[in-house]
Number of protein chains: 4
Amino acid sequence: MAPAGEKKNILERLDAGEVVIGDGGFVFALEKRGYVKAGPWTPEAAAEHPESVRQLHREFLRAGSNVMQTFTFYASDDKLENRGQSLSFTGRQINEAACDLAREVANEGDALVAGGVSQTPAYLSGKTEEEVKAIFMKQIDVFVQKNVDFLIAEKTKKINQEKLQYFEHVEEAEWAVQVLKSSGKPVAATLCIGPEGDLNGVSPGDCAVRLVKAGADIVGINCHFDPETCVKTVKLMKEGVEKAGLKAHYMSQPLAFHTPDCGRQGFIDLPEFPFGLEPRILTRMDMHKYAREAYNAGIRYIGGCCGFEPYHIRALAEELEAERGCPPPGSEKHGSWGSALSLHTKPWVRARARRDYWEKLKPASGRPFCPSMSTPDSWGVTKGHADLMQQKEATSKEQLEALFDKAGQGH
Amino acid sequence: MAPAGEKKNILERLDAGEVVIGDGGFVFALEKRGYVKAGPWTPEAAAEHPESVRQLHREFLRAGSNVMQTFTFYASDDKLENRGQSLSFTGRQINEAACDLAREVANEGDALVAGGVSQTPAYLSGKTEEEVKAIFMKQIDVFVQKNVDFLIAEKTKKINQEKLQYFEHVEEAEWAVQVLKSSGKPVAATLCIGPEGDLNGVSPGDCAVRLVKAGADIVGINCHFDPETCVKTVKLMKEGVEKAGLKAHYMSQPLAFHTPDCGRQGFIDLPEFPFGLEPRILTRMDMHKYAREAYNAGIRYIGGCCGFEPYHIRALAEELEAERGCPPPGSEKHGSWGSALSLHTKPWVRARARRDYWEKLKPASGRPFCPSMSTPDSWGVTKGHADLMQQKEATSKEQLEALFDKAGQGH
Amino acid sequence: MAPAGEKKNILERLDAGEVVIGDGGFVFALEKRGYVKAGPWTPEAAAEHPESVRQLHREFLRAGSNVMQTFTFYASDDKLENRGQSLSFTGRQINEAACDLAREVANEGDALVAGGVSQTPAYLSGKTEEEVKAIFMKQIDVFVQKNVDFLIAEKTKKINQEKLQYFEHVEEAEWAVQVLKSSGKPVAATLCIGPEGDLNGVSPGDCAVRLVKAGADIVGINCHFDPETCVKTVKLMKEGVEKAGLKAHYMSQPLAFHTPDCGRQGFIDLPEFPFGLEPRILTRMDMHKYAREAYNAGIRYIGGCCGFEPYHIRALAEELEAERGCPPPGSEKHGSWGSALSLHTKPWVRARARRDYWEKLKPASGRPFCPSMSTPDSWGVTKGHADLMQQKEATSKEQLEALFDKAGQGH
Amino acid sequence: MAPAGEKKNILERLDAGEVVIGDGGFVFALEKRGYVKAGPWTPEAAAEHPESVRQLHREFLRAGSNVMQTFTFYASDDKLENRGQSLSFTGRQINEAACDLAREVANEGDALVAGGVSQTPAYLSGKTEEEVKAIFMKQIDVFVQKNVDFLIAEKTKKINQEKLQYFEHVEEAEWAVQVLKSSGKPVAATLCIGPEGDLNGVSPGDCAVRLVKAGADIVGINCHFDPETCVKTVKLMKEGVEKAGLKAHYMSQPLAFHTPDCGRQGFIDLPEFPFGLEPRILTRMDMHKYAREAYNAGIRYIGGCCGFEPYHIRALAEELEAERGCPPPGSEKHGSWGSALSLHTKPWVRARARRDYWEKLKPASGRPFCPSMSTPDSWGVTKGHADLMQQKEATSKEQLEALFDKAGQGH
């Protein structure tokens, strides 16, 4: 394999009009495999169970991913130790291990390594621009040292009580982009917003313009909403950027869950988050549709976030096989659009070996006692409310019971 | 770790009243990870990508599985080469590799290794009892040599055109049990039937009696139906065995898909099989319910089949933590019943950190344009019909188009 | 119009192989129109608002009904006065008015008048055969005097606290048939049971045999279940009668609500009964299907019960137009199978002017937050339980609150 | 009863802050009763079967309606005779009969008579303002002669091929209001639009301002959308009017069908229109919710359109009993919020005799094979397209088959 330096970098690829396939969601996939704890969602597996992280990287590579995102986050040691988690690894150890794993697997193919930087608690605590930027600077330290190929300012893979983990405010994302640019590496920036814009009501078009002006080479959306919503939002970003006479590349990394019913804050408010989302999981046919719609919308960096398993990514790569010039490696174990079903014993299953069948299928839930949409929780709690206050201590039993009562009344 | 020989064997455990947690479905899980091809469903990954099989074994072990089933099948070399697959490994190489992987991971914990034997094409071709038994004998050759801990006569992990891959006829399962008993190892036998009995109409109770009389130590059900249906069917088996004054242990390894709408032949006839089953995937809450119902029904060997991912198995082990005396190793990364959500940022998500919430949740599909149940295909094709005939050649384009037309008319 | 005496009677019609179309459900239709109170469900409208009852009879006649069932019940005066209802009419006045209304409208076409006799509280109170029969005798007094054309022993149109209003026990229905036969008029007998048989577990086939032996000319099913279930049950009755070497005519008068999810006791146990049943209402396409299936099953007296509106009955008559030799009068205002949509302004609505379109349509509920099936209430309360005890007094506030608590716990 | 002249007129009532309950939909209700033909939807029943129209008026009066809308339309004789309908009545005869029926029943209570004027084909054919106004003038001729109490410019009760029957363009509605005002009677004007505005994109607020400036005393929305959507749209109208410093009264007369999935053109584009809408019918609980939301939004004239049956109107009047000062007459046969179920035999049904139960109920469809939402037809046919062209002749078989083919491709 060629050393990283000899691969075309992310901007060379996008400038040449190539399709770049992203990877899928590590926290959700590794939670189901037993290596990440839902709740704190910390990524210590990179150091603690490296084989599990390496294996998942490999599966995405086989599926066609052109980018290995490091399974990292800004992990100050005090954070990792709090709330009785007392992990055996420092944040730096985890981040370094994650970079090494991503590079190791990226070098098994033609993939690039991307390091991710996320929202900071400092911003929400009302720190100044300088303070927040200092934190971002610290975050990219390991990435620069480990020489990742480019940087993504995005929702990280970690969600916990200390930090609201997403760039839901364009201002902070701008600051992040400004800091990341100083590394000299290409910078992508994704927000977790829907067509209605960020939590302050800045429209997707305006958000995109601000990110591009701040220096982002690639802008887009990740997490929180399903592919249909994300593509729609990136379209609005693209319109905004073009209207402003600017240029950028576009990316989308949506959920692999159908979320037609979620509100402005995305899937976290759905009653099914995070342990009842199964009926919403997208099929590979849904993924073909997403890949085509994203491509048609002018998006060329097409990947996924929470819920994306390797076969979802493979479906993206297969849909765009003609545009990419080759199938993903993993297609050796897949007959696109069900074609391998022609080998099946039963004639009615062989009759499903065609694209037409799967495109028209409206898959049943097998759950006649369940609804098809939910009402998102929306407690109307806003920043500053006591229930949102950060606290060092674990949530107490009394605090929890007060919440349970509150939830009970709401139903 | 103790050598295999020093562990309590499967019957010692069951005789002592212990709960034995099985593992989940390898073909479906590895298909999604990119190592198994849907259609031929062959297990060459054991030799070709051993790290993927090892990793999945490990995840099940962490989840609490007490049994590692070998990822094998009766693989004569001509079978592996046909239809242009031209695999680089012989059947024996694959089977040996699979046994070694299962043993390696079993030894990392307190798990046993089980070798599986499945239905033969010979039976369907009308061969004599002697001929069929000779084939079973050949199948267990590797298992005996590799000294697996016990044998399971069941649906194998492979479904292809040459073989109807399940024990859907009790007579053949009886023959298999008789041969397996000759190995001197404990023998379990599972059928792929629902409450209506086998394809010849033999009731679950009568099936179970015949298997026990043939020598099976453990009898039960695997694959084809959801947990609710499988538990119901094992109950009927147990009633039959007890009514006959016999004794046995009981096991169930159902699908992790809801199948309230499938007919006698199970999930294969559902229009969603195999690429549109996502909305039917069971949640971990569904798994708690299954584990409890199985336990209450007197079933002590409780595992899963197609669709079961590691977190599903972990939920079984967590539900039965009191009965088993300890949580599964993987619970270090899991707050049972959502308890770790008490660490979440948003108060309404913290309010979900309780069993009550998840037990009552009726998860929405997010698919308002889809139905909740499907009509199974049922072409009325029976044994001997031309469409079911085995053929050496790949299904031709003309044959497929004839099937597509037929399917089109039916809709 | 010919006087009643010159019309062919019900048995002459059925013996000649004619299709007899029944009418629909008066209590439910008149409840929605504002003349019947859900809860007591008493039929005083016949005397109090005769125009409303006459109008509904006329609509059914136009829709093709060949039978006008009297809107009556066994109304002893003390019953009508209890619980503060203090109606201004005696039971006899109501019953006479109902007979007159049915006859008046029947004479506007070729319809017959049927008088209905229902289950008695006496039976449930453990009275003797003689006592129960005496009550039935009293019930038919008005019918004989008013010279109705035939009698139906069935669920009446009234459901109240004093009486379980259906023939759910074949024994009492037998007694009713014996008494009705003494009138010299043809007798039909319908039960409110599903395929599992009556509340004592007597099978549909055995029930039918006993009714025929008791003298019933026509046997069948009414109320409690949807058409699919009712047709299935009447089939079982027919098989039983034929197996016993007997002869009879068959009728079905099902609900116009889909009830795939209800248990042995029918739709009353569904949580939606009686004020949330709208999403279950059958369309006219569903009715075409019912009429055809009933006809194919050998049923020749085909009508409806609760939920049937005039257009439902018209759909039955239209489906069987060829067999009946003419369309119903009301078809002058109906293009069968949507054909009149060819007059519509919008081309995509004109494109719906065909049977094919409506037969394939899977109508959406417009209710994505609702499930498609419900869990029936089933408190396990059996005869003799305190909660089922009859009482003269209105249910007290305390009694109600105890029930509410009980219901609350059950959810 | 007081003569019409002595009742408070519509504006006196609204000015005094009274709630005015409208009536429901005649074409849909009478179609189900067998007196109106779906497709042409003509109102000849007023002359041909006056008892059916009188009865429906009476049921709405009992249900609490304060307004009887005449069952009329602009019926020139050539229109009634075309396409082989050859009705036996002239348009004038029908309109006069309808006025007489409405007045007769209005005088049985405290209701007013409203005459309705609708969109003209002339407008769509590009006629001048003068020509269109002349046609409106002709329409109100009978109403003035019959001395109706006020006029409503709205969707009429008739939909046919000659006319797009709704005020979907605010300009034409303005002209209608100007003409109606010349009668000296109070004028209400309703549009068939959703929150997105009229077909030319004029917003609800702007539409309302123009109607009020044209002279409308009452403005609002009718038909095409469900209550939730209509209330939302009237709110926008009210905001517009108030922002413009104007004053008006507000009304809403929505569908009684849930339409969360319909597009800009409303329920006509739903695949279920008009023969598969049953699963979408609102329950009485839905109506309570609608009445309260409309009231809270400042709407005081609250009624219904297609799908509203008498019991739906009664639920509106019952929800607003306190505000209106009395229950509707029909409540003598209704226990509000299920209270009369306390008389039921079965304890679990008695446990439903409470508001809480019915408010929380999510009624199941009993249709697990159907979706919960549909994709509206949207052929992209716009004004001027050949498929929309008016033609004197009936749609030919060839024309229909061309449409069927087109529809077939679309699915």
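This is a short dialogue on reading a predicted model, from its chain copies down to single residues.

Me: How are chain A and chain B related in space, and what rotation superposes them?
Reply: The idea is to look for one rotation that lays a copy on another. Here the model is predicted, and a rotation of 180 degrees with 0.0 Å of shift along its axis puts chain B on chain A, with an RMSD of 0.0 Å. In chain B, Pro279(B) has the C-alpha nearest that axis, at 1.9 Å. The two copies also use the same surface, since 99% of the contact residues of chain B recur in chain A.

Me: How many residues does each of these chains bring to the contact?
Reply: Chain B gives 88 residues and chain A gives 88 residues. On the side of chain B that touches chain A, each of these helices supplies at least two residues: H2 (26-33), H4 (50-63), H12 (284-296), H13 (310-319), H15 (347-350) and H17 (397-410). The largest share, six residues, comes from H4(B). By class, that side of chain B has 43 nonpolar, 22 polar and 23 charged residues.

Me: What turn lays chain C on chain A?
Reply: A turn of 179 degrees with a shift of 0.0 Å along the axis does it, at an RMSD of 0.1 Å. The two copies are thus related as by a two-fold rotation axis. Pro371(C) has the C-alpha of chain C nearest this axis, 2.1 Å from it.

Me: How many residues make the contact between chain C and chain A, and of what class are those of chain C?
Reply: Seven residues come from chain C and seven residues from chain A. The chain C side has five nonpolar, two polar and no charged residues. Of the interface residues of chain C, 100% are also interface residues in chain A, so the copies meet through the same surface.

Me: How do I read a helix, and what is the reach of H4 in chain C?
Reply: Compare its end-to-end reach with the expected span. Helix H4 (residues 50-63) of chain C has 14 residues and reaches 20 Å from first C-alpha to last, close to the 20 Å expected at 1.5 Å a residue. Gly64(C) follows H4(C) and has a positive phi, near 115 degrees.

Me: Is H4(C) largely enclosed or largely open?
Reply: Count its buried residues. In H4(C), 11 of the 14 residues are buried, so this helix is largely enclosed by the rest of the structure. Among the buried ones are Val53(C), Leu56(C), Phe60(C) and Leu61(C), and also Arg58(C), Glu59(C) and Arg62(C).

Me: How do I tell whether a residue in a loop, such as Phe267(A), is buried or exposed?
Reply: Count the C-beta atoms around it; 20 or more others within 10 Å make a residue buried. Phe267(A) is in the loop between strand S7 (249-253) and helix H12 (284-296) of chain A. Phe267(A) has 25 other C-beta atoms within 10 Å, so it is buried. Setting aside residues up to four places away in sequence, Phe267(A) touches His224(A), Leu255(A), Phe257(A), Thr259(A), Cys262(A) and Phe273(A). Of these, Phe257(A) is 10 residues away in sequence and 8.6 Å away, C-alpha to C-alpha.

Me: Which residues does Ala214(D) contact away from its sequence neighbours?
Reply: Beyond four places in sequence, Ala214(D) contacts Glu174(D), Val177(D) and Gln178(D). Ala214(D) lies in helix H10 (residues 204-214) of chain D. The C-alpha atoms of Ala214(D) and Gln178(D) are 5.7 Å apart, though 36 residues separate them along the chain. With 22 C-beta neighbours inside 10 Å, Ala214(D) counts as buried.

Notes: Residues numbered from 1 in each chain as written. Chains lettered and ligands numbered in written order. Predicted model: local features only at pLDDT ≥ 70, side-chain atom pairs only at ≥ 80, totals over all residues. Least-squares fit on C-alpha atoms with pLDDT ≥ 70 in both. Nonpolar A, V, L, I, M, F, W, Y, C, P; charged D, E, K, R; others polar. Helix = DSSP H or I, 4+ residues; strand = E, 2+ residues; numbered from the N terminus. Buried ≥ 20, exposed ≤ 12 C-beta atoms within 10 Å, placed from the backbone. Expected span 1.5 Å × (residues − 1).
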